[in-house]
Amino acid sequence: MVKHIILWKLKAEHNKDAVKQDMKQNLEALLGKVPGLLEIKIQTEKLPSSNVDVMLYSVLESEEALKGYATHPDHVYVADTFVRPFTETRSCIDFVE
C-alpha cells in the first residue's frame, strides 16, 4: 500500500471556506473513478495550532497506481480547477506501508 499525503496552505485572497468545501467534495469524488485509489479523505477542520489549511490523505494499491492517479484525467481536472488556482504552498509525502 502507498500512502499519499498532501498539505496545502490556501491563498489569503480567496473565500477559504468555499475553497475547502469544493476541494473536499471534488477530490473525495475521485474514489471509484481512479484505478488503484483505495481511500481518500480531505481534512478541512483543524486546530488553531495548525499552519496549513487542508490535508489530503489517500491510500493507493501501488506506486504504479500513484503514477496513474497523478495523470488520470479526472484527477488532473479536479486539481487544475479546484486546487491549484487557490493554493499558496503544497507539501507532499508518499511512502509504502
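Six salt bridges were found in a search of the whole structure, which is a predicted model. One of them joins aspartate 80 and arginine 84. Their closest N and O atoms are 2.4 Å apart. Aspartate 80 is partly exposed, at 42% relative accessibility. Arginine 84 is also partly exposed, at 48%. Elsewhere, Lys16, Lys46 and Asp53 form one network through salt bridges that share partners.

Within this network, the side chains of lysine 46 and aspartate 53 meet at 4.0 Å, N to O. Lysine 46 has a relative accessibility of 41% and counts as partly exposed. Aspartate 53 has a relative accessible area of 9%, so this residue is buried, the cut-off being under 20%.

Another salt bridge lies in helix α2. Here lysine 67 and glutamate 64 sit three residues apart, about one turn of the helix. The N to O distance is 3.6 Å. Lysine 67 has a relative accessible area of 51% and is exposed. Glutamate 64, at 57% relative accessibility, counts as exposed too.

The largest pocket holds about 220 Å³ of space. Its lining comprises 16 residues, and the closest to the pocket centre are His4, Ile6, His75, Arg84 and Arg90. Two or more lining residues come from each of β1 (2-10), α2 (63-71), α3 (73-83) and β4 (87-96). Strand β4 gives the most, with four residues. By residue type, the lining divides into 10 nonpolar, three polar and three charged residues. Arginine 84 thus appears twice: it is a salt-bridge partner of aspartate 80, and it is among the residues closest to the centre of the largest pocket.

Notes:
Residues are numbered from 1 along each chain as its sequence is written. This is a predicted model: local features need pLDDT of at least 70, side-chain atom pairs count only at pLDDT 80 or more; totals for chains, interfaces and linings use all residues. Side-chain values use heavy atoms; hydrogens and water are left out. On a 1 Å grid over the protein atoms alone, a cavity is a set of points where a 1.4 Å probe fits but cannot get out, and a pocket is an open set with protein on both sides within 12 Å along at least five of seven lines; lining residues have an atom within 4 Å of a point. Grid points are joined across faces, edges and corners, and a volume is the space filled by probe spheres set on the points. Ala, Val, Leu, Ile, Met, Phe, Trp, Tyr, Cys and Pro count as nonpolar, Asp, Glu, Lys and Arg as charged, and the others, Gly among them, as polar. Buried means under 20% relative accessible area, exposed over 50%, partly exposed in between (1.4 Å probe, protein chains only).
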